Amino acid sequence: MSMAMARWWAVGLAALVLAGPAGAEEGVTDTEIRIGQWGPQTGPAAPWGAVARGAGVLFQLINDEGGIHGRKIRYQMFDDGYNPAKTKAGVKELQEGPGGIFAWVSGVGTAPGLAVRDYLRERKVPWVGPASGSHHWVSPPEKNLFALYPLYRYEAAALVRYLVGTGGKKRVAIAYLNDDYGKDGVAGAAAELARHGLKLVAEVPVEKGDSDLKPHVLQLKKAEPDAVLLWVTPTHAVGLVGTGKAMGLAPQWASTSSCSDLVLMHKISKGLWEGVIVANFTELPDADTPLMKKYRAAFEKYAAKDERWGVFFYAGMGFAEPLVEGLRRAGRNLTRQALVAELEKLRDFKGVLGRVSYQPFDPTDPLSRQGQREVFLTRCLADGKAERLTDWLTVE
Amino acid sequence: MDRKRDYYEDVEPLKTRAQRFWFAALLGALAAYPFLLPNYWVYLANYTAIHVLVAVGLNLLVGYTGQISLGHAGFFAAGAYGTTLLMAKGGLPFALALPLAAALAALLGAALAVPALRLEGPYLSIATLAFGLTVTQVIGRVGWFGGRQGLHTPELWLGPWNVATDRDFYLLLVPLTVALVFAARGITRTRVGRAFVAIRDSDVAAETLGVNLVRFKTLAFALSAFYTGLAGGLYAFVLRFIEPEMFGLMMSILFLAMVVVGGLGALPGSVAGACLLSWLDLELRNILAVPYLGAWLEGLSKTWFSITGVSNISFIVYGSILVAIMLFEPLGLYGIWLRTKRYWRAWPF
Amino acid sequence: MIADLWQAVASGVMAGSTYALMALGLVLVYKTSEVVNFAQGEIALAATFVAYLGLEHHGVPWWAALPGALAFAALLGAAVEFGVLRRAKDPSVLGTIIITIGLEMVFLGLVSWKFGADPKTLPFPLPPYDGVSLAGAYVSSLELLTAAAAVGLMLALYLVLAHSRLGLAIRATQQNRDAARLMGVRTRRVLMATWALASAVGALGGLLIAPVTMHPYMMWDPLLKGFAAAVLGGLTSLPGAVAGAYLLGVTENLFGAFVSLEFKSVVAFAAIVAVLCVRPSGLFARHHVKKV
């Protein structure tokens with residue numbers, strides 16, 4: 001223990017010396033800005049861990065372009081396995097370790113995020129763009145927490161609006177994962193249907209461990225829906241569509257951004273995903289905008305060779321964009337206060353996600369901290385490509 | 001070693017002067033720890049202390065009484081949810097809610113002892129596993145328990161003392177842990193402990209000798225569940241947030257692994273096993289940052305495996321430790337310690 | 001109502017077939033070596049991903065890749081018995097459980113390291129969802145194949161155990177290892193053969209799941225249900241394990257259809273706790289009374 005102690009004393013002293021001029025912000029030195037993120041690289045939630053790796057590629061790109069006002073970004077990402085205890089341990093270790101962390105970016109998952117939310121709030125550390133569309137980030141809103149991912153409720157509302165309004169569907173049902181994410185979908189769909197004087201004709205819960213989906217399809221089928229929302233995991237979504245087709249249930253299927261990686265969905269469903277409508281919160285993977293081209297080039301250059309250009313990989317780049325923009329605008333005299341002030345001034349900022357706007361902090365207005373409010377809908381084509389059905393839709 | 005004159009000398013915790021000295025040194029180090037080390041290390045210590053409590057409680061059941069449990073995450077969850085809900089919905093103070101929740105866990109333990117009385121090893125392991133899974137799944141599906149989104153714990157007050165920081169919590173948790181570990185040690189050396197060991201070695205023989213199987217097996221389950229429930233209630237406040245998925249099968253496996261790696265039927269082993277495995281549990285994610293080893297692993301990933309999946313090495317390390325311990329030193333860390341001691345005692349011969 | 005009942009029973013039988021394949025492997029291993037094999041699921045997982053590697057990346061035709069995967073599983077199972085379990089000094093039940101759990105983590109780690117976490121599906125000669133109607137109840141052809149495999153394997157294994165020389169050796173090893181050895185049975189080789197066989201049976205289960213669900217955690221649920229089924233039927237009886245699997249599948253589905261879909265997956269586990277309270281050695285195995 002004495003060795004460890006001596007080391008820590010040394011680190012403490014060094015930190016005091018290095019801290020230099022009074023008032024320098026935690027996690028910022030003359031040459032670097034320290035940014036942290038957690039994302040599961042192991043465990044059942046690991047597919048979403050691509051978000052954290054995507055952000056890493058964006059930061060590498062920025063560093064190679066010279067950094068931000070002469071500072072390089074020092075990106076500290078760790079694997080929490082979607083286990084809140086590990087998230088909290090990792091966040092504390094980096095935040096309180098030598099150098100500290102200036103701000104946190106994204107962070108995958110609702111439960112891990114909820115476990116560290118209070119801690120980050122107490123320390124007044126900015127946290128930009130949690131990678132989940134849970135309503136918890138903005139109810140109530142917090143000064144230093146900038147939500148980004150459009151709420152699952154918005155997605156549900158947008159899908160319902162399209163299905164009922166444009167598609168003329170009257171009997172909408174939902175199959176939902178029996179957790180927060182699924183229940184947000186149910187709430188959003190029900191609220192939007194109520195505005196059209198309609199109700200969900202069936203709400204069928206799916207459990208994470210369920211692999212036989214016949215009972216669920218049977219229950220859906222009884223309600224005779226003409227459209228079914230799939231608020232489940234990609235594997236379950238494919239299973240429902242496939243089992244549905246075999247059992248004679250062929251409504252218009254519609255699903256969330258979690259299943260919006262059409263290339264993947266088309267592949268694992270062996271083509272059954274064709275015709276499904278999904279909500280998107282990012283540009284399409286083959287979009288021709290200059291920014292997407294640039295990011296694809298960065299992906300080729302920096303990403304590991306077994307990495308896939310999936311939606312959640314470049315969404316990870318997108319989740320980090322508002323933070324980067326805020327850092328740029330805050331200038332050389334970087335403080336957390338300045339960052340927050342500049343983020344509050346973002347209006348219709350457009351990267352590879354939809355437009356992002358924040359307002360000056362208002363504890364009674366969740367929208368002051370909900371950055372993106374728009375999604376657009378696509379339909380999966382026969383070759384796994386996307387057909388754009390709508391432009392970006394803003395849901396109030 | 002001098003002769004013992006009555007059974008209570010067995011229970012007496014510190015017999016020799018050397019023992020008393022080392023114990024005082026340990027207490028001193030533990031007391032100084034939160035004031036000398038950075039906050040993260042204090043959090044790590046709290047996390048570890050929780051697991052020490054569980055490992056000691058589980059060892060009473062597995063190591064001393066010989067009953068397998070793959071469901072202790074269920075008791076842990078009962079303690080965590082019990083404490084949080086009794087405080088948040090029942091309005092009870094922490095000092096009352098924690099023991100009540102632990103008692104609830106003990107009750108569940110006693111209930112699980114009913115099938116356990118008649119079950120042989122493999123059946124028991126599956127029955128306890130099923131119990132653990134049932135608890136987690138029920139909690140997750142009932143809205144009153146907070147559902148899948150989990151619960152934030154209320155503020156923690158002990159009389160006028162607001163236990164807010166990690167250091168505060170350390171000052172509450174660690175003395176409690178030390179006391180409970182010594183209490184467990186005391187129990188193992190009384191009539192109860194001897195009955196446990198007799199059941200482990202041969203339940204038929206124990207019964208012939210007048211050990212009441214029903215009573216002592218039930219007691220072992222209840223006691224073990226009590227320790228685990230207590231640890232669960234405290235864990236809720238280390239994390240300040242609980243959700244049902246945390247208390248899954250992996251957690252039960254981790255608990256059992258701590259006891260086995262530490263050494264079955266040896267409480268110091270459980271403490272060591274809990275320290276080692278909870279440290280590994282939190283720190284293995286940094287394995288790629290280890291000099292040389294990290295670079296080698298990265299090279300290996302590029303040639304044979306994948307970089308995106310490289311973090312899964314932590315599973316491989318964990319699993320290999322379990323297998324290696326069972327193959328080379330079934331008594332675990334405690335066995336290694338005994339062997340080392342014996343080796344040096346006779347050194348250089 | 002009757003249609004629902006019939007569909008639930010049919011779904012239950014089909015779900016039970018998957019559990020049965022896992023349970024058969026578990027029982028086979030437990031019968032001969034008294035090891036509760038938690039690694040069986042991940043051995044099957046590894047084999048399934050080997051098949052995927054061949055089919056998807058190296059253009060191996062299915063008639064070579066699928067048997068190849070089964071052979072791989074058999075080799076892996078034999079290697080586990082030979083390289084690890086045989087090396088354990090005088091292992092207790094708990095000791096073997098810990099060893100197999102450790103191996104489970106190692107295999108899971110290796111597969112996730114190699115293949116990443118993205119969901120996949122196994123290219124398979126049968127389309128995964130195309131199905132048939134059995135008197136009004138829908139079942140997929142993949143499920144029918146699974147059911148046929150489960151029942152066929154059970155019968156085959158039963159016949160092998162009852163009537164072949166290998167079966168005799170297995171039974172002798174199971175009853176008294178030392179005596180069997182004295183009678184000239186190569187008990188170690190028998191153990192290794194059983195492990196190989198059981199792993200291949202489990203891998204068949206994995207291969208039949210993978211066309212629909214394929215990711216590193218795909219075997220957890222089937223394995224746990226397989227355990228539940230095996231315990232329900234009694235860990236030492238092959239027909240018992242299969243019966244337990246079907247009972248479990250049907251109970252689950254009836255519960256899901258008529259009581260609560262939400263609590264469907266809890267039923268299996270609550271049921272085994274309850275059954276074990278009443279029948280400590282499962283429903284179909286004779287209760288083993290310890291002799292002193």
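Visitor: What makes up the confidence picture of chain B?
Guide: Chain B has a mean pLDDT (the predictor's confidence in each residue, from 0 to 100) of 90, and 96% of its residues reach 70 or more. This is a predicted model, in which local features need pLDDT of at least 70 and side-chain atom pairs count only at pLDDT 80 or more, while totals for chains, interfaces and linings use all residues. Residues are numbered from 1 along each chain as its sequence is written, and chains are lettered from A and ligands numbered from 1 in the order in which they are written.

Visitor: Which elements of chain B have the lowest and the highest mean pLDDT?
Guide: Helix 1 (residues 8–11) of chain B has the lowest, 67, and helix 4 (residues 72–88) of chain B the highest, 96. Helices (H or I, at least four residues) and strands (E, at least two) are DSSP runs, numbered from the N terminus.

Visitor: Why is helix 8 of chain B called roughly perpendicular to helix 10 of chain B?
Guide: The axes of helix 8 (residues 191–201) and helix 10 (residues 213–239) of chain B come within 10 Å and cross at roughly 100 degrees. Axes are lines fitted to C-alpha atoms, for helices over the stretch in contact, and angles run from 0 to 180 degrees between N-to-C directions. Angles under 35 degrees count as roughly parallel, over 145 as roughly antiparallel, 65 to 115 as roughly perpendicular and the rest as oblique. Therefore helix 8 of chain B is roughly perpendicular to helix 10 of chain B.

Visitor: Which residues of the two helices meet?
Guide: From helix 8 of chain B come B:V192, B:A195, B:F196 and B:I199; helix 10 of chain B brings B:L213, B:F216, B:K217, B:L219 and B:A220. Two residues are in contact if their C-beta atoms, placed from the backbone, lie within 7 Å. By class, this contact has 8 nonpolar residues, no polar and 1 charged. Here Ala, Val, Leu, Ile, Met, Phe, Trp, Tyr, Cys and Pro count as nonpolar, Asp, Glu, Lys and Arg as charged, and the others, Gly among them, as polar.

Visitor: How do you know that A:H216 is buried?
Guide: A residue is buried if 20 or more other C-beta atoms lie within 10 Å of its own, exposed if 12 or fewer, and partly exposed in between, with C-beta atoms placed from the backbone. A:H216 has 25 such neighbours, so it counts as buried. A:H216 belongs to helix 7 (residues 214–222) of chain A. Neighbours within four places in sequence aside, A:H216 is in contact with A:A175, A:V204, A:V206, A:L240 and C:L261.

Visitor: Is A:D348 buried or exposed, and what makes it so?
Guide: A:D348 has 8 other C-beta atoms within 10 Å and is therefore exposed. A:D348 lies in the loop between helix 12 (336–344) and strand 11 (349–350) of chain A, and its phi is positive, about 50 degrees, although A:D348 is not a glycine.

Visitor: Why does B:R240 count as buried or exposed?
Guide: B:R240 has 22 C-beta neighbours inside 10 Å, so it counts as buried. B:R240 sits in the loop between helix 10 and strand 4 (241–242) of chain B, with a positive phi near 65 degrees in a residue other than glycine.

Visitor: How does the radius of gyration of chain A stand against that of a compact globule?
Guide: The radius of gyration is taken over C-alpha atoms, and the globule rule is 2.2 Å times the number of residues to the power 0.38. For 396 residues the rule gives a value near 21 Å; chain A has 22 Å, which agrees. Buried residues make up 57% of chain A.
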